[in-house]
Amino acid sequence: MQISRPRQPYSAVIVFLSLLISPLTLQVLICRNYKGDVDMAEIDHFLPLLMTQEEEGLTCPIMSHGNVHFLWIKHTNLYLVATTNKNSNASLVYAFLYKVVEVFTEYFTELEEESIQDNFVVVYELLDELMDFGFPQTTDSKILQEYITQEGTKLEVAKTKVPTTVTNAVSWRSEGIKYKKNEVFIDVIESINLLVNANGSVMSSDIVGTVKLKTMLSGMPELRLGLNDRALFALTGRDKGKTVTMEDVKFHQCVRLSRFESDRTISFIPPDGESELMSYRINTHVKPLIWIESVIEKFSHSRVEIMVKAKGQFKKQSVANNVEVRVPVPSDADSPKFKTSTGHAKYVPEKNLAVWTIKSFPGGKEFLMRASFGLPSVENDEMEGKPPITVNFEIPYFTVSGIQVRYMKIIEKSGYQALPWVRYITQSGDYQLRSNF
């Protein structure tokens, strides 16, 4: 016999939203009550609950007082708090809160107490458009900027005409867009997250990728993007060439998910201008593209010498740009001296780092840096932690996963010719190599 929990009816996401300042005044800056079935005074219980949890070291993203639930995030010196008395979808609430931060940042550059106080009218207008009766509505900042402006006079005029994007089925794109030259630029950007232990073994690695678009296309075109997706090739019975297995795939709202789920076709009407079409993760063993070897030699009560060797373990025809090797040094080090085979090095005392910068690093090459520091108290060094060496870099025209754009079809009723351009970039994400320092 199976016992199932009765499904509760879908309810509004947020009853009201509050923006609180922290940590000095701790007052409610602004709030919007969307349904009216939660007492506005309930927000007074939020800060005492939060402070109690912080004192106990048990801070939780969801807190409750009676039958009222507080879902909150912190951004700079502000708390954004969503309040509900329903069984709401928590992930959707948090997605909305972060979207609020994104939209406000687009409008005010910085989301902080001063920007809220200086723009009360615009903030209320945005809150009314972002959500209606507890349900998210228009959350695209480009669409919102068509009829909600920061100039008060324009704000009143704009109210008389609502853009068609708000009522249109394609809410992310306006009608009547025209370009003299129709083009679409595709950027495939992959970030490598890597952790190597002191013995040189890769402890963890993965690839996080994004596909970004810059579309300059007239009308309402439909685009179809084809990648060397292993699931697609298996579905169609083809298995030729290199393929990739993508996980945790997330799409922009313009992508037809039902079409992708049925035949793995990425079909969409794109937003105008710049947008992020999709993101993905590839969980695979990654060979370090830039390998770091380090040796430290201590001279008691006088100085420490560090030798760092960097080797490019990627194709010789590729070049890594703006490589930055960050080497931790003892906190009491002084009198730095550097010698490098290429690039330049500097000491950053406020971060206890030696930073070696190489503007252009060809694949297959090796470079060396030597550093010497005065060290008045070597015996205290053992008490310090051992931060890893971190590396930042960017390799254009290269993807470590081997992902490829196989085609980009542009279909528009007027039949114009459009040019698709593709660019590949691999860059460092959380790229760390532990040392024996």
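Two strands count as paired if DSSP finds at least two bridges between them. By that rule, this predicted model holds an open sheet of 4 strands in the order S14-S15-S20-S17, with antiparallel pairing. The chain as a whole has 9 helices and 23 strands. Of its 437 residues, 45% are buried. Among contacts with a separation of 6 or more, 70% join residues 24 or more positions apart.

**The open four-strand sheet**

- Strand S14 (290-299) and strand S17 (334-340) stand at the edges of the S14-S15-S20-S17 sheet. Each has a single partner strand, so one side of each is left without a neighbour in the sheet.
- Neighbouring strands of this sheet are turned by 15 degrees against each other on average, with direction ignored.
- Strand S15 covers residues 303-312, and strand S20 covers residues 366-374. The two run antiparallel and are joined by 9 bridges.
- One residue pair places this register: Lys311 has Glu366 in S20 as its bridge partner.

**Strand S8 and its two partners**

- Strand S8 spans residues 183-196. Of its 14 residues, 12 are buried, so S8 is largely enclosed by the rest of the structure.
- S8 pairs with strand S9 (residues 202-216) in the antiparallel sense, over 14 bridges. Val188 has Val211 in S9 as its bridge partner.
- S8 and S9 form a hairpin with 5 residues between the strands. In this hairpin, Gly200 takes a positive phi near 90 degrees.
- S8 also pairs with strand S23 (residues 419-433), here in the parallel sense and over 13 bridges. Phe185 stands opposite Trp421 in S23.
- Strands of a sheet pair through backbone hydrogen bonds, and the pairing can be parallel or antiparallel. S8 shows both senses: antiparallel with S9, parallel with S23.

**Ser428 in strand S23**

- Is Ser428 buried or exposed? The cut-off for buried is under 20% relative accessible area. Ser428 has 14% relative accessibility, so this residue counts as buried.
- Ser428 belongs to strand S23. Its C-alpha atom is separated by 8.3 Å from that of Glu190, although the two residues are 238 apart along the chain.
- Leaving aside neighbours within four places in sequence, Ser428 is in contact with Ile192, Val391, Asn392 and Phe393.

**Strand S13 between S9 and S11**

- Strand S13 covers residues 273-282. Buried residues make up 7 of its 10, so S13 is largely enclosed by the rest of the structure.
- S9 and S13 run antiparallel and are joined by 9 bridges. Lys212 stands opposite Glu276 in S13.
- Strand S11 (residues 247-251) pairs with S13 in the antiparallel sense, over 3 bridges. Lys250 stands opposite Ser279 in S13.
- S9 therefore links two pairings described here: with S8 over 14 bridges and with S13 over 9 bridges.

**Packing of helices H2 and H4**

- Helix H2 spans residues 90-108, and helix H4 spans residues 120-130. Their axes come within 11 Å and cross at roughly 140 degrees.
- That angle makes H2 oblique to H4. Why oblique rather than roughly antiparallel? The roughly antiparallel class needs an angle over 145 degrees.
- The crossing of H2 and H4 is right-handed.
- On the H2 side, the contact is made by Phe96, Val100, Val103, Phe104, Tyr107 and Phe108. On the H4 side stand Val122, Val123, Leu126, Leu127 and Leu130.
- By class, this contact of H2 with H4 has 11 nonpolar residues, no polar and no charged ones.

**Positive phi outside glycine**

- Arg264 has phi near 65 degrees, a positive value in a residue other than glycine. Arg264 lies in the loop between helix H9 (257-263) and strand S12 (266-268). With a relative accessible area of 21%, Arg264 is partly exposed.
- Asn352 also has a positive phi, near 55 degrees, and is likewise a residue other than glycine. The loop that holds Asn352 runs between strand S18 (344-348) and strand S19 (353-362). Asn352 is partly exposed, with a relative accessible area of 27%.

Note on methods. Residues numbered from 1 in each chain as written. Predicted model: local features only at pLDDT ≥ 70, side-chain atom pairs only at ≥ 80, totals over all residues. Heavy atoms only, no water. Axes fitted to C-alpha atoms, helices over the stretch in contact; angles between N-to-C directions. Parallel < 35°, antiparallel > 145°, perpendicular 65-115°, else oblique. Left-handed = near helix turned anticlockwise from the far one by under 90°. Contact = heavy atoms within 4.5 Å. Nonpolar A, V, L, I, M, F, W, Y, C, P; charged D, E, K, R; others polar. Buried < 20%, exposed > 50% of the residue type's maximum accessible area, 1.4 Å probe, protein only.
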